[in-house]
Amino acid sequence: MAQELSEVSMDKLVSLCKRRGFIFQSSEIYGGLSSAWDYGPLGVELKNRIQRFWWREMTQLHDNIVGLDAAIMMHPRVWEASGHVENFTDPLVDCKQCKQRFRADQLEEEAQAEHKCPECGGELTEPRMFNLMFKTHLGPVADNGSLVYLRPETAQGIYVNFKNVHQTGRVKIPFGIAQVGKAFRNEITTKNFIFRTCEFEQMEMQFFIHPSEDGKWFEHWKEARFEYYKKLGIREKKLRFHQHGPDELAHYARIAFDIEYEFSFGWKELEGIHNRTDYDLKRHMEYSGKDLSYLDDGKKERFIPYVIETSAGLTRTVLTVLSDAYTEEEVGGEKRVVLKMHPLLAPVTVGVFPLVKKDGLAELARDIEANLREDFSTFYDQGGAIGRRYRRQDEAGTPFCLTIDYQSKEDGTVTLRYRDSMEQVRIHRDDLTGAINNAVKEYKRES
Ligand code: GAP
């Protein structure tokens, strides 16, 4: 029997991610770049699988949501219209002594009141508003005329294409446009691994509706997005809603709820669901001079649609999945580290091991693996004791492992071992694809 030992700490997760090739510090050989991270062989597979899961959930399963992939750099007027040039700011303070910089609104009450640095106790400067958008220049001349921003949210690419999509995509209100892509914010980042980074990925969907239906659609998407995280395999007890108070609301939002996850460093935002009203389309009409209103042919009514936005962080979801999956157990007096993530997300679905290399078992295992490759991502490993090979795959989150032994040569059966329960069953190689597909579909995490 396995006994659960402890919950994940961020240090343990960072170390596992490096050990198994999920996530590395950026530019590590040069001493690293603070708060920038690279996704290794397992990390990129996990991130791609989460993205595919979201994309299927938000486009394929609906007949009124279509996709878009807009450019990262947009006309600079977009960000004036969106309000980001004026409003997308954080209040920052500097310590006059140790020179560290902090967000004034995130300092503990005491540090705020006393104006003292939380690290060294030195005196803090008065808060200054600092815009979070990264600036660069298009073309060789760095003057005001060539200024562009790296987008701080993917949403604006959708709003400026609203007319293009509804005119060409044969979609009628209510309909949505979904997009996944990089976003950039020049943030003061904390020490929480990939939680808050300056370069990250978002998965956003903007749902265009008649203004009279905003309450109904807001509720719909709020509930649907909560259910999505349960489907993704995240434990429900670690999820909750948080409604934004008047001081927290972004400049574009009338109502906003976050879905939060309980990380080892506390409850934090994972996704935002916002009622953005007609704020963005109206502003783009004003700044571009183009008509972005919508004509309902049936009702002969022209209006500016409202938008309900669902905005999730892809890289933040990677951290959520890893944090939620990380488990330490005691098995037979030894510690087992296992990532109990949903099999659909696991970077490797099936580990294939010959009991020994000799007597044709390696060749047989290679042959079985080759057959499974058509349907699953596989990993072949013939090095070390079987127990150690299982443990390596447990740490990678591999939900199924096969061992090929002498009996396999005789009757074509292999041992199929399940990651979470460590249960082992004997099964014919011809039945593997069906059994694994079934187990993926039926998967339910027990603890
Ligand atoms: N378009 C709306 C918007 O961008 P947001 O609440 O600022 O809303 C949405 O961001 C999501 O993007 C967050 O819930 C989070 O998952 C992710 N996110 C935002 N800033 C991030 C950062 N610096 N690093 C990683 N993820 C971030």
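This dialogue goes through the ligand site, a pocket and one residue of a predicted model.

Trainee: Where should I start with the ligand, and which residues come nearest to it?

Mentor: Start with the list of residues around the ligand. There are 20 of them here, and E153, E187, T197, E204 and E269 come nearest.

Trainee: How do I read the polar contacts, and which atom of the ligand pairs with the side chain of E269?

Mentor: Look for pairs of N or O atoms within 3.5 Å. In the side chain of E269, an N or O atom is 2.6 Å from an oxygen atom of the ligand. R185 also uses its side chain: one of its polar atoms lies 2.8 Å from a ligand oxygen. With T197 the backbone takes part, as an N or O atom there lies 2.8 Å from a nitrogen atom of the ligand.

Trainee: How much of the ligand does the protein bury?

Mentor: Take the area that the ligand exposes alone, then ask what share the protein buries. Alone, the ligand exposes 560 Å², and 94% of that is buried by the protein.

Trainee: Which element gives the most residues to the shell around the ligand?

Mentor: That is β14, with six residues. The elements that each supply at least two residues are β11 (199-209), β14 (266-277) and β17 (306-313). Sorted by class, the shell holds ten charged, six polar and four nonpolar residues.

Trainee: How is empty space found, and what is the volume of the second largest pocket?

Mentor: The general idea is that a probe the size of a water molecule, rolled over the atoms, shows where empty space is left. In this model the second largest pocket has a volume of about 550 Å³. It is lined by 16 residues, of which F53, H342, P343, L344 and V440 are the closest to its centre.

Trainee: Which elements give two or more residues to that lining?

Mentor: Two helices are named: α2 (41-60) and α14 (432-442). The largest share, five residues, comes from α2. By class, the lining of this second largest pocket has seven charged, six nonpolar and three polar residues.

Trainee: Now a single residue. Does F102 count as buried or exposed?

Mentor: Compare its relative accessibility with the cut-off: under 20% means buried. F102 counts as buried because its relative accessibility is 11%. This residue has its place in strand β6, residues 101-103.

Trainee: How far is F102 from V44 in space?

Mentor: Separation along the chain and distance in space are read apart. F102 and V44 are 58 residues apart along the chain, and 31 Å separates their C-alpha atoms.

Key:
Residues are numbered from 1 along each chain as its sequence is written. This is a predicted model: local features need pLDDT of at least 70, side-chain atom pairs count only at pLDDT 80 or more; totals for chains, interfaces and linings use all residues. Side-chain values use heavy atoms; hydrogens and water are left out. A residue is near a molecule or strand if one of its heavy atoms lies within 4 Å of it. A polar contact is a pair of N or O atoms within 3.5 Å; within protein, one must be able to donate a hydrogen and the other to accept it, and residues adjacent in sequence count only if both atoms are side-chain atoms. Accessible areas come from the Shrake-Rupley method with a 1.4 Å probe; for residues, only the protein chains shown count as cover. Helices (H or I, at least four residues) and strands (E, at least two) are DSSP runs, numbered from the N terminus. Ala, Val, Leu, Ile, Met, Phe, Trp, Tyr, Cys and Pro count as nonpolar, Asp, Glu, Lys and Arg as charged, and the others, Gly among them, as polar. On a 1 Å grid over the protein atoms alone, a cavity is a set of points where a 1.4 Å probe fits but cannot get out, and a pocket is an open set with protein on both sides within 12 Å along at least five of seven lines; lining residues have an atom within 4 Å of a point. Grid points are joined across faces, edges and corners, and a volume is the space filled by probe spheres set on the points. Buried means under 20% relative accessible area, exposed over 50%, partly exposed in between (1.4 Å probe, protein chains only).
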